[in-house]
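Student: Please take a close look at a single part of this structure, the surroundings of the bound ligands, and describe in one connected account how the protein is arranged there.

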Amino acid sequence: MKILVTGGAGFIGSNFIRLLLQQHPEHKIINLDLLTYAGNLENLKDLSSHPCYSFVRGDICDAGVVEDLQFDAIIHFAAESHVDRSILDSSPFLQTNIMGTKNLLEAARRRGCRMVHVSTDEVYGSITQGLFTEASPLSPNSPYAASKASSDLFARAYYETYGTEVVITRCSNNYGPYQFPEKLIPLMISHAMTGKALPVYGDGKNVRDWIHVHDHNRAVDLVFHKGRAGEVYNIGGRNEQQNIDIIRKILSVVAEIQGTDPERLNGLITYVKDRPGHDRRYAIDPVKLESELGWKAEVAFDEGIAATVRWYIENKDWWSRILSGEYMKYYETQYGQRLGK
Ligand code: NAD
Ligand code: DAU
């Protein structure tokens, strides 16, 4: 089968392509990626000459680009993915996350092919008690989450209206190698390694359910091969933690590996003005995926986070190149005033 993977040069997509090629030598992959600020072909350099892999640079919003490609199925990761950027300017989020997804749904409809739409638990909004199930109402709070919820509704509409074989996944917060260093975990690791302030939004007690990218991708693989069309599958790590605890854990691992004084690293923690509309708690119930498709998270958090910190320490060149480029303009806008610079 020829599978069109969109957004395969990003964090989750690049890890997914590596997993799919290992697990399914019977498939061929076309990676369609625009290479925005978040796309990086270095993430896939070990696979660039793999006989079952090819890369096309292109925009999912351009129907002609998608039309020209030959494929039998779609696994759709491409998106604008960072909440803080959506607060600064939501336009690219509407364009890529809604219009781009609609284009892919249209291609799937016309070709009669299967599509997995990779979505997020953020579409459910914030929850005080209990867990989000697939039946929880959509209640997105950030422009990013609103754009993803819209794309989910289009996916649903294509299934209901045209019978398009689309399945939606909604996963919690991922961590692991190749995550763009604007996101909490790689941001904190890279700042700890370089002695920069660690900007904690609000009181640091917001809760996220962290899952290793490998477990997310194993779930997407299963849903692609065995999930029921028209269904939603929640994916979560049963690993709720407050941001401040995650940060302290990262600092203790960095201190241990680098032989740095943990107290000096703790001193870098800086509480800053909160993210507007900051969701207090995400908590997702993955029981449907577990009972129906036999999935279970495999990576224990303590091991996963230690391996991730080690990866960033060993791959400093990878993130240093990113941090020295265009990213610094965004960094100044997002953190300059907050950190009093
Ligand atoms: P990312 O920002 O690391 O990567 C996104 C990729 O999409 C990049 O390679 C980028 O170049 C590409 N892209 C962006 N706009 C494009 C366009 N118009 N045409 C083609 N390619 C384009 O994102 P990620 O963290 O890997 O997230 C991947 C998907 O998983 C997203 O749909 C996101 O909503 C979803 N998701 C992410 C998480 C998480 O914790 N990161 C959790 C749940 C769901
Ligand atoms: O839940 C799934 C979502 O997880 C995905 O859909 C998104 O694509 C992904 O970016 C992530 O969204 P979050 O907003 O939860 O992730 P982020 O890494 O931006 O922030 C995690 C938490 O850390 C959140 O409560 C905000 C806080 N934070 C973040 C940054 C960047 C800080 O306190 N300081 C920071 O500098």
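Tutor: The model is predicted, and ligand 2 is a good place to begin. A polar side-chain atom of Tyr335 sits 2.6 Å from an oxygen atom of ligand 2, and a side-chain N or O atom of Tyr144 is likewise 2.6 Å from an oxygen atom of this ligand. The side chain of Arg208 adds a further polar contact, with an N or O atom 2.8 Å from an oxygen atom of ligand 2. On its own, ligand 2 has 690 Å² of accessible area, and the protein covers 95% of it.

The shell behind these contacts holds 25 residues, of which Asp121, Tyr144, Arg275, His278 and Tyr335 come nearest to ligand 2. Sorted by class, the shell around ligand 2 consists of 10 nonpolar, 8 polar and 7 charged residues. Three elements, α3 (83-88), α6 (184-194) and β8 (198-201), each give two or more residues to the shell of ligand 2, and β8 gives the most, with 3 residues.

The domain assignment places this shell in a wider setting, since it divides the chain into domain 1 (2-175 + 210-235) and domain 2 (184-207 + 240-275 + 300-331). Each of these two domains supplies at least three residues to the shell around ligand 2. The C-alpha centres of domain 1 and domain 2 are 27 Å apart, and where the domains meet, 13 residues of domain 1 are in contact with 17 residues of domain 2. About 1,200 Å² is buried between domain 1 and domain 2, with carbon and sulfur atoms giving 55% of that area. On the side of domain 1, Asp84, Tyr175 and Trp210 supply 48% of the area buried against domain 2, which is more than any other three residues supply.

Ligand 1 can be described along the same lines, and Tyr144 provides the link, with a side-chain N or O atom 2.6 Å from an oxygen atom of ligand 1. Two backbone contacts accompany that side-chain contact: a polar backbone atom of Ile12 is 2.8 Å from an oxygen atom of ligand 1, and a backbone N or O atom of Asn174 lies 2.9 Å from an oxygen atom of ligand 1. Ligand 1 exposes 840 Å² when taken alone, and the protein buries 97% of that area.

Among the elements around ligand 1, α1 (11-23), β5 (114-120), α5 (143-162) and β7 (173-175) each give two or more residues to the shell, with β5 giving the most, at 3 residues. The residues around ligand 1 number 28, and Ile12, Asp33, Ser81, Tyr144 and Lys148 come nearest. By class, the shell around ligand 1 divides into 13 nonpolar, 12 polar and 3 charged residues. Tyr144 thus ties the two descriptions together, as its side chain has a polar contact with ligand 2 and also one with ligand 1.

Notes:
Residues numbered from 1 in each chain as written. Chains lettered and ligands numbered in written order. Predicted model: local features only at pLDDT ≥ 70, side-chain atom pairs only at ≥ 80, totals over all residues. Heavy atoms only, no water. Near = heavy atom within 4 Å. Polar contact = N/O pair within 3.5 Å; in protein donor to acceptor, adjacent residues only side chain to side chain. Areas by Shrake-Rupley, 256 points an atom, 1.4 Å probe, with all protein chains shown as cover. Helix = DSSP H or I, 4+ residues; strand = E, 2+ residues; numbered from the N terminus. Nonpolar A, V, L, I, M, F, W, Y, C, P; charged D, E, K, R; others polar. Domains from an automatic or database assignment. Contact = heavy atoms within 4.5 Å. Buried area = accessible area lost by both parts, 1.4 Å probe.
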